[in-house]
Amino acid sequence: MPMPEPCSAFWKGAPDLSERFEVYLCSVAEKIRWKRARPFALRELRIHLLEQKEAFQDSGMAVEAAEEAAVREMGDAGMVGEALDRVHRPRPQWALICAAGLLALAGVFLRGALTAGWEHAAKDPVRSAAALALGLCAMVGAYLLDYTHLIRYGKKVYLGAVLLGLAALALSPRINGASYYTRYVVLAYPPVYAVWLRLWRDKGWKGLCCAILGGIPLAVIAGMAPYVTGFLLLLVTGFLLLMCAAGMDWFGVGREATAFAAILMAVLVSVPALLALLESKRLTMLLHPEGDPLGRGYMSMAVRNMLSGAVWLGEGSTGGLYGGLPYESIVPEWENDCIMTTVAFKLGWLPFLILVGAVLGLMLALLVQGLRQENPFGRLLALSVIVPLCLQAAGAAALNLGWIIYSVSFPLMGGNLHTVLTMGMMGLALSVFRQQALPEGRCRPAEDAASRALQSVW
């Protein structure tokens, strides 16, 4: 078959690659259209060629004859390249992107329509539209990026996230005693922790200790905000990531040892948090809000009372409760965290169930696909995005039914900065799904040089 001229710089630094193998690999590379897949596919092909060559030499063949036999056994370069091209292709995620975009659009429309006429609560349609546009750009941009760059710049990503959190604590305005912008930084901490875990893979006990200790600065910043929701999301997600790492023997110290360390750390952190929760009477108010109907339990009771007057389709009735006050004067956060309660009361249970079911269904689809990832780091990174989103969706659904576990906005329904962040994070997970056909990691130094030379040829 006709062969292209060999490129002189190809596989520089790999002296065991002959001109015959170089020409063969160049011919294979011509058929692999995804440039990012070429170095990984050719690396495996090169290893197989060298193994075959060595086997033929051991059987008594001369070097050139062994190389020729290895190439012949591998098969026609064009057919091999086409086969590799079919396997190593990006896996588009446009359906999930469109689903997220439509839900975000529905959120913007509903918030604008349901809050119109209330001057103090009306949502600016221009700002909401801008948030939607920024969210779409953030999601598509993160989707198209190469998430494996996070491995290369892992230390800088982690340090930058810590410094950004400290800067937000120092400079952000405080609303109701909490640092406003720090909470958005904290919501991005679970993926940062996944990147931190990747830095210590196969580093033994030292790696395990550093991986666990690396979560402390992130948790401290969440606590200093203070942002209880962000702290809980980071704690739960970090524990699940460590358990996933234990299942893969991520640090090389054994699955049981890693799992024990993760459980011990979770207990040490969660016991004080649980005691603080009990002391704050938040758990009591969750189960028995009627015990303090004018204090901590008011919001739960108000939501439940209003939902008792909701109908299947159409606007509900307050039933004369609260002295005949309008719904908007009864339910706190009716235009923000309780926007789905407003949907149920103003539009009916059917639209409420459709929207909540759509959001929860999207989160479930993301979770299932994240668990199916074969790339170890890709799986951890995807779960570090999806698990917090699932927890937010579940917590928000409970809140909007009058069961307030923690204060949280419904994903994609905000039409604000929270929506932008949520969509950007989803784009990061979708980037993992798009590139799931690639193995993890980078080529060795010699293979990196070959990859760069190869790209220059095409």
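Helix α20 is mostly covered, with 22 of its 24 residues buried; buried means under 20% relative accessible area, exposed over 50%, and partly exposed in between (1.4 Å probe, protein chains only). Helices (H or I, at least four residues) are DSSP runs, numbered from the N terminus. The model is predicted: local features need pLDDT of at least 70, side-chain atom pairs count only at pLDDT 80 or more, and totals for chains, interfaces and linings use all residues. Residues are numbered from 1 along each chain as its sequence is written, and side-chain values use heavy atoms, with hydrogens and water left out.

The expected span of a helix is 1.5 Å times one less than its number of residues. For α20, which covers residues 376-399, the expected span is 34 Å, and the end C-alpha atoms are 34 Å apart, which agrees. A kink of about 25° is nevertheless present in α20, centred on Leu383; the bend at a residue is the angle between axes fitted to the seven residues ending there and the seven starting there. At the start of α20, a side-chain oxygen of Asn375 comes to within 3.1 Å of the backbone nitrogen of Phe377. This is listed as a polar contact, a pair of N or O atoms within 3.5 Å; within protein, one must be able to donate a hydrogen and the other to accept it, and residues adjacent in sequence count only if both atoms are side-chain atoms.

Gln373 is located in the loop between α19 (349-371) and α20. Gln373 counts as buried because its relative accessibility is 2%. Its side chain reaches the backbone oxygen of Gln369 at 2.9 Å. Not counting residues up to four places away in sequence, Gln373 touches Arg379, Val432, Phe433 and Gln436, where contact means heavy atoms within 4.5 Å.

A nonpolar core is a set of buried Ala, Val, Leu, Ile, Met, Phe, Trp, Tyr and Cys residues joined through side-chain atoms within 4.5 Å. The largest such core has 98 residues, and those with the most contacts inside it are Tyr189, Leu197, Phe251, Met340 and Leu366. Helix α20 gives the most to this core, with 14 residues. A second, separate core of 25 residues includes Phe21, Trp34, Leu42 and Leu45. With neighbours within four places in sequence left aside, the contacts of Phe251 include Leu197, Trp200, Asp202, Leu242 and Ala245.

Helix α13 has 20 residues and reaches 29 Å from its first C-alpha to its last, close to the 28 Å expected. Among its buried residues are Leu233, Leu234, Leu241, Leu242 and Ala245. Pro226 is found in the loop between α12 (215-224) and α13 (228-247), and a cis peptide bond with omega of about -20° joins Ala225 and Pro226. Most residues other than glycine have a negative phi, and most peptide bonds are trans. Asp249, just after α13, takes a positive phi of about 45°. This residue lies in the loop between α13 and α14 (255-279) and counts as partly exposed, at 25% relative accessibility. Asp202 also is not a glycine and has a positive phi, of about 60°. Asp202 is placed in the loop between α10 (189-199) and α11 (204-213) and is exposed, with a relative accessible area of 59%.

How values were computed. Helices (H or I, at least four residues) and strands (E, at least two) are DSSP runs, numbered from the N terminus.
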